[in-house]
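Subject: Structure for you, with notes

Hello,

Here is the structure I promised to pass on. Please open it first, then read the notes below it.

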Protein chains: 2
Amino acid sequence: MLGGAAVHFSLAASFFTEVRPVGPVGEDFGAEQFEILESRGVLTDDIERVAGGQSFFWRGRYEYDLNVAHTEDTQLGVFGEFAPKLSAAAEAADMLFLANIQPDLQRQVRAQCGVARFCGLDSMNLWIETAKDSLLAAIAEVDCLILNDAEIRQLTGEPNLARGARAVMEMGPRAVVAKQGEYGAALFTPEGFFALPGIPLEDVRDPTGAGDSFAGGFLGYLDSHDGELDESVLRRAMGYGTVLASFNVEQFGTERVAALTREEIEERFAQLHGMTQFEPLPAL
Amino acid sequence: MLGGAAVHFSLAASFFTEVRPVGPVGEDFGAEQFEILESRGVLTDDIERVAGGQSFFWRGRYEYDLNVAHTEDTQLGVFGEFAPKLSAAAEAADMLFLANIQPDLQRQVRAQCGVARFCGLDSMNLWIETAKDSLLAAIAEVDCLILNDAEIRQLTGEPNLARGARAVMEMGPRAVVAKQGEYGAALFTPEGFFALPGIPLEDVRDPTGAGDSFAGGFLGYLDSHDGELDESVLRRAMGYGTVLASFNVEQFGTERVAALTREEIEERFAQLHGMTQFEPLPAL
């Protein structure tokens, strides 16, 4: 079914801002798939449909507690030959998310999108193991790394997450988001530490794409904020990322987020706020 | 070195209230060990020193990321023959923590401490596997289960933690605390859900006893609160549990908590508050 980092990210971010995904698809990506994006207002001009090509394909399974995924099949398809060439409109974006892919491709996109005021980057263990120098160069060029906590440890060689996050900030980014699956997500900045739990759900169907939906809520909210992206704005963005990720896992693929409303997002954001607040002193 | 659930719990709780641990020790538990407890004001009359006996002993090792412990050696020692007989003062306690041990022993203590207004219980995978009926009976007799999240899943047969916590509450307890290692801890009550992250530390020496220090901060704070133990009080107690656990792991054994001050606790409690709060609406 329809998936992929750019799709999950775009749908999640579409509730906050104009989104323009860049990437190749095959002939199997047709009117039905475009319609899911376009009905959410996602601008699809920079999606390149390759004649005779097949879209990137992933199949996996999850363990008992859903925190561990096992890949069963990956087919690069049209991504094998992809050379990003951004449109003028894409080049002018002032917020950029480099979804997980070979880091040299991320750098090519970054270089073409020079005016962005904030740039986030995701990656994975595969690139840490096979293209670490490229990945480090890509990380140095962004404002925020958004990565699983185990991958932050692997990337930095620091078993301690706080040390690992500091090591990343010394590479360039001003913020590090550690994704922690159902445990939530943590934000490290020079100003301090902030963490949110995952929203507890009794019915979790499919964690696939949750990290990208998180990034979509996070960067989408940041893009909707005109002022300075200070600590308090980043914290609210963490909240919207958490909310979008929680909707993502409720149904398979893009089903839930594609059918979502901004009102449902705000309602769950308020619930998340209620789940995390406490009074430091006894009420008088 | 000195350790054990009752020791870690007692030292942590001693910052909030009078603590009276009940249990047997061997001749290897001497003046030096009693002094560590008594210097924190812990009442040691109900610690039974068995002539010719050896104290319970555990040795283990931790994996790379410290979330996984492996037991290398366990010697029951004087616990093998232990039959709890509480003093009149212990029987009169109005707050009770049943630390992890064979659940029939927990039930014997619970039966002797009938006036407690609030009772917490910890356990472990061993008892889920070997004494499940006894454990279920013990859980039905307490107000709050405090257990690792993986063990809540194992106990209830629910891979989903929210469903597992609800299943525990249907057994009797009005609250469930899911301990999540460095990710923090979550509180489930009929009123809702609350979660706190672990406090990020760049120097973690020894996670042993962190769960018991959490329980000591949690129940110790509750005991210091004279009024109703409502949701807001439980949330603050979660905060004190988190703070005591964070100090526990900074040094080996009881070293850090034994040397702690209430001022340091309050300072870190305020830091934790700052790490978890966010404004739901943009500042005007």
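Charge comes first. Chain A carries 21 positive and 44 negative side chains. The centres of those two sets lie 4 Å apart. Please keep in mind that this is a predicted model.

**Overall build of chain A**

Chain A holds 12 helices and 10 strands. Its radius of gyration is 18 Å. A compact globule of 284 residues would come out near 19 Å, so the value agrees with that rule. Along the principal axes, the C-alpha atoms fill a box of roughly 70 × 40 × 40 Å.

Of the 284 residues in chain A, 53% are buried. Take the contacts in chain A with a separation of 6 or more: 60% of them join residues 24 or more positions apart. The exposed area of chain A is about 12,100 Å². Carbon and sulfur atoms supply 51% of that area.

**The two copies**

How is chain B laid on chain A? A turn of 180° does it, with a shift of 0.0 Å along the axis and an RMSD of 0.0 Å. The two copies are thus related as by a two-fold rotation axis. The interface fits this picture. Of the interface residues of chain B, 100% are also interface residues in chain A, so the copies meet through the same surface.

**Helix α7 of chain B**

Helix α7 of chain B covers residues 149-156. Is it enclosed or open? Six of its eight residues are buried, so the rest of the structure largely encloses it. The cut-off for buried here is under 20% relative accessible area. The buried residues of α7(B) are Asp149(B), Glu151(B), Ile152(B), Arg153(B), Leu155(B) and Thr156(B). Note that the list includes Asp149(B), Glu151(B) and Arg153(B).

What covers them? The cover includes three helices of chain B: α5 (125-130), α6 (132-140) and α8 (161-171). Strands β7 (144-148) and β8 (175-179) of chain B are also part of the cover. Just after α7(B) comes Gly157(B), which takes a positive phi of about 70°.

Asn148(B) sits in strand β7 of chain B. Asn148(B) is partly exposed, at a relative accessible area of 34%. Its C-alpha lies 8.5 Å from that of Gly211(B), though the two are 63 residues apart in sequence.

**Three more positions in chain B**

Glu72(B) belongs to strand β4, residues 69-75. With a relative accessible area of 42%, Glu72(B) is partly exposed. Which residues does Glu72(B) touch, leaving out those up to four places away in sequence? They are Arg59(B), Gly60(B) and Arg61(B). For Gly60(B), the C-alpha to C-alpha distance from Glu72(B) is 4.7 Å, across 12 residues of sequence.

Asp94(B) is in a loop of chain B, between α3 (88-91) and β5 (95-98). Its relative accessible area is 35%, so Asp94(B) counts as partly exposed. Leaving out residues up to four places away in sequence, Asp94(B) touches Val115(B), Ala116(B), Arg117(B), Phe118(B) and Asp223(B). Pro190(B) is another matter: 96 residues along the chain from Asp94(B), with 23 Å between the C-alpha atoms.

Gly192(B) is placed in strand β10, residues 192-196. Gly192(B) is partly exposed, at 27% relative accessibility. Ala175(B) is 17 residues from Gly192(B) along the chain, and their C-alpha atoms are separated by 9.9 Å.

**To recap**

The two chains are related as by a two-fold rotation axis. They meet through the same surface. In chain B, helix α7 is largely enclosed by the rest of the structure. Glu72(B), Asp94(B), Asn148(B) and Gly192(B) are partly exposed.

Best wishes

Methods
Residues are numbered from 1 along each chain as its sequence is written. Chains are lettered from A and ligands numbered from 1 in the order in which they are written. This is a predicted model: local features need pLDDT of at least 70, side-chain atom pairs count only at pLDDT 80 or more; totals for chains, interfaces and linings use all residues. Side-chain values use heavy atoms; hydrogens and water are left out. Helices (H or I, at least four residues) and strands (E, at least two) are DSSP runs, numbered from the N terminus. The radius of gyration is taken over C-alpha atoms; the globule rule is 2.2 Å times the number of residues to the power 0.38. Buried means under 20% relative accessible area, exposed over 50%, partly exposed in between (1.4 Å probe, protein chains only). Contact means heavy atoms within 4.5 Å. Accessible areas come from the Shrake-Rupley method with a 1.4 Å probe; for residues, only the protein chains shown count as cover. Lys and Arg count as positive and Asp and Glu as negative; His and the chain ends are not counted. The place of a charge is taken as NZ of Lys, CZ of Arg, CG of Asp or CD of Glu. Copies are superposed by least squares on the C-alpha atoms of residues with pLDDT of at least 70 in both.
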